[in-house]
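Here is a short briefing on pockets, one sheet and one helix. Please look over the model before reading on.

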Amino acid sequence: MIDYKILVPASTSDRQLLNNFKNSYNFYKNSFTEEPIFFGDSNKTSCYHSKMVRMYEALNRLDSEYVVVLDGFDLIFNKGLDEQLFKEFDNNKDLKFFFAAEANCFPYPQYKDIFDMYSDTKLKYLNAGVIIANREAYIEALEEFLNPNKYPQSEWLKNSDQASSTLLYKQSLENKDNKVKIDTQGRVSVQMFMLERFVDYSVMPNKQLVFLETGTIPYFVHFNGSSKDQMANFGIKYGE
């Protein structure tokens, strides 16, 4: 049995924002699926505070080998979880982080050419809305990025936690250490920003998404950025 926990950053006073996440979780949960751990502040805060500062605290309260980190406000389960969620870790013993991937190179478009070399699909760039990670490695990475003597914290406040995660990925590519990979095949999660229905994905009658480039049915669908209007294709609406 894989030793993991599901973490959901949820700094908000509007708990209704979590309804779509919770409803989809309850629909697809099975014996493999861990109960989500929601954490954060009582009011909305920056991604820096909720997904770096509070994340560091949350990780240190756990003792699991792995964590699955999911955005709670704009993400839904697309199928039940199973051991294949951790497939990349079985195939690559050096792997410490497996991030979602998206079609938009944010927040460092200047590195676009580097990242383009490592994907043969439209999903070429790291997205931090879904993270599967070795918990101890995650703690070590956050200790590094949260050290003001090593990194100006204003960078994460300005560009969110995705900035630090993108730099972690870039460093791994440059070092060729295989410690950080992204889900270019849409196997674990598909990020909807800049994707079009019938062109990039289809929705089956049961409201499951299929990523057309690879034919995969991901575990999660993430309506990142301005893609929340696409929730209507799944019979849901943001914040309801």
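A pocket here is an open set of grid points with protein on both sides within 12 Å along at least five of seven lines, and its lining residues have an atom within 4 Å of a point. The model is predicted. Two pockets come up below, followed by an open sheet and helix 1.

**Largest pocket**

- The volume of the largest pocket is about 590 Å³.
- Its lining is made up of 27 residues.
- Nearest the centre of the largest pocket lie Cys47, Lys51, Asp71, Asp74 and His222.
- Helix 2 (47-60), strand 6 (125-134) and helix 7 (161-175) are the elements that give two or more residues to this lining.
- Sorted by class, the lining of the largest pocket holds twelve polar, eight nonpolar and seven charged residues.

**Second largest pocket**

- The second largest pocket holds about 300 Å³ of space.
- It is lined by 15 residues, and Phe97, Ala137, Ala141, Leu168 and Lys179 are the closest to its centre.
- Two or more lining residues come from each of helix 5 (135-145) and helix 7.
- Helix 5 gives the largest share of the lining of the second largest pocket, with five residues.
- The class count for this lining is seven nonpolar, five charged and three polar residues.

**Open sheet**

- Three strands make up an open sheet, ordered 4-11-8, with mixed pairing.
- Strand 4 (75-77) and strand 8 (189-191) are the edge strands, and each pairs on one side only.
- On average, neighbouring strands of this sheet are turned by 15 degrees against each other, direction ignored.
- Strand 4 pairs with strand 11 (residues 220-222) in the antiparallel sense, over three bridges.
- Opposite isoleucine 76 stands valine 221 in strand 11.
- As a general point, strands of a sheet pair through backbone hydrogen bonds, either parallel or antiparallel.

**Helix 1**

- Helix 1 spans residues 19-28, and its buried residues are Asn20, Phe21, Ser24, Tyr25 and Tyr28.
- These buried residues lie on the same side of helix 1 because they cover an arc of only 130 degrees around the axis.
- Asn23 and Phe27 are exposed, on the face of helix 1 turned away from its buried side.
- For these labels, buried means under 20% relative accessible area and exposed means over 50%.

Technical notes. Residues numbered from 1 in each chain as written. Predicted model: local features only at pLDDT ≥ 70, side-chain atom pairs only at ≥ 80, totals over all residues. Heavy atoms only, no water. 1 Å grid on protein atoms, 1.4 Å probe; cavity = no way out; pocket = protein on both sides within 12 Å on 5 of 7 lines; lining within 4 Å. Points joined across faces, edges and corners; volume = space filled by probe spheres on them. Helix = DSSP H or I, 4+ residues; strand = E, 2+ residues; numbered from the N terminus. Nonpolar A, V, L, I, M, F, W, Y, C, P; charged D, E, K, R; others polar. Pairing = 2+ DSSP bridges. Axes fitted to C-alpha atoms, helices over the stretch in contact; angles between N-to-C directions. Buried < 20%, exposed > 50% of the residue type's maximum accessible area, 1.4 Å probe, protein only. Arc of directions from axis to C-beta.
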